[in-house]
Amino acid sequence: MLITDTTQRLGISTMTHLFLQTFFCGDWYGKSITDELEWVVKELTYEEPDKKLMMELRIGLCHGGYVQNKTDVMFTYAMQKLVEFYGLPLYKAKKICRRLQSLLPENSNKN
């Protein structure tokens, strides 16, 4: 099967939705899904993560209702889940959360 840009975007969009649901809403999809999400986590630790992934995360964070008025609390929760699910050192989990926070519009970072 030929993977088109649209197919790739839908795949990335689905994975970012599952990632955001897991780390900001507390949804639990089981080991098979969290294993599949590991590439998202790993990508977010790189100096320059995939641009398409970052675009989908920005869209999800800005328009998906994952973070609203409690961004500090939500990012702390997400950080804990990254450490728990993937055994990341705290500094890497913080790096991912700071990167995700940077995707939010400026005024939504404040409580």
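What follows is a conversation between a visitor and a guide about a predicted model of a protein chain.

Visitor: What makes up the protein chain, in terms of helices and strands?

Guide: In this predicted model, the protein chain holds six helices and zero strands, and read along the sequence it follows the pattern α-α-α-α-α-α. Of its 111 residues, 41% are buried. Among contacts between residues at least 6 apart in sequence, 70% join residues at least 24 apart.

Visitor: Why is T45 called buried?

Guide: T45, which is found in helix α3, has a relative accessibility of 17%, and the word buried is used for values under 20%, so T45 counts as buried. Leaving out residues up to four places away in sequence, T45 touches K92, K95, I96 and R99.

Visitor: How do you know that C62 should be called partly exposed?

Guide: The relative accessibility of C62 is 30%, and because buried means under 20% and exposed means over 50%, with partly exposed in between, C62 counts as partly exposed. C62 has its place in helix α4, and apart from neighbours within four places in sequence it is in contact with L103, L104 and P105. With P105, the separation is 43 residues in sequence and 7.2 Å in space, C-alpha to C-alpha.

Visitor: And what makes Q8 partly exposed?

Guide: Q8, in helix α1, has a relative accessibility of 35%, which lies between the limits of 20% and 50%, and therefore Q8 counts as partly exposed. The C-alpha atoms of Q8 and K52 are 9.3 Å apart in space, although the two residues are 44 apart in sequence.

Visitor: Is L88 in a loop or in a helix, and why is L88 called buried?

Guide: L88 lies in the loop between α5 (71–86) and α6. Its relative accessible area is 14%, and since buried means under 20%, L88 is buried. If neighbours within four places in sequence are set aside, L88 is in contact with V41, L82, V83, A93 and I96. The C-alpha atoms of L88 and V41 are separated by 9.4 Å, while the two residues are 47 apart along the chain.

Visitor: How do you know what span to expect for helix α4?

Guide: The expected span is 1.5 Å times one less than the number of residues. Helix α4 runs over residues 51–63 and has 13 residues, for which 18 Å is expected, and from its first C-alpha to its last it reaches 18 Å, close to that expected value. Helix α6, with 12 residues, reaches 16 Å, which is close to the 16 Å expected for it.

Visitor: What makes you place the buried residues of α4 on the same side?

Guide: The buried residues in α4 are L53, M54, E56, L57, G60 and L61. They cover an arc of only 165 degrees around the axis, which puts them on the same side of α4. On the other side of α4, K51 and H63 are exposed. The buried residues of α4 pack against α1 (5–25), α3 (38–45) and α6 (90–101).

Visitor: What is found at the start of α4, and what just after it?

Guide: At the start of α4, a side-chain oxygen of D50 comes to within 3.0 Å of the backbone nitrogen of K52. Just after α4, G65 has a positive phi of about 75 degrees.

Visitor: Why is α3 called roughly perpendicular to α4?

Guide: The two helices pack at an angle of about 105 degrees, with their axes 11 Å apart. That angle makes α3 roughly perpendicular to α4, because angles of 65 to 115 degrees count as roughly perpendicular. Where these helices come together, W39, V40, E43 and L44 in α3 meet L53, M54 and L57 in α4.

Visitor: What makes α3 roughly perpendicular to α6 as well?

Guide: α3 and α6 pack at an angle of about 85 degrees, and their axes are 9 Å apart. This angle makes α3 roughly perpendicular to α6, because it lies in the range of 65 to 115 degrees. Here V41, L44 and T45 in α3 meet K92, K95, I96, R99 and L100 in α6. The buried residues of α6 are A93, I96, C97, R99, L100 and Q101.

Terms used: Residues numbered from 1 in each chain as written. Predicted model: local features only at pLDDT ≥ 70, side-chain atom pairs only at ≥ 80, totals over all residues. Heavy atoms only, no water. Helix = DSSP H or I, 4+ residues; strand = E, 2+ residues; numbered from the N terminus. Buried < 20%, exposed > 50% of the residue type's maximum accessible area, 1.4 Å probe, protein only. Arc of directions from axis to C-beta. Contact = heavy atoms within 4.5 Å. Polar contact = N/O pair within 3.5 Å; in protein donor to acceptor, adjacent residues only side chain to side chain. Axes fitted to C-alpha atoms, helices over the stretch in contact; angles between N-to-C directions. Parallel < 35°, antiparallel > 145°, perpendicular 65-115°, else oblique.
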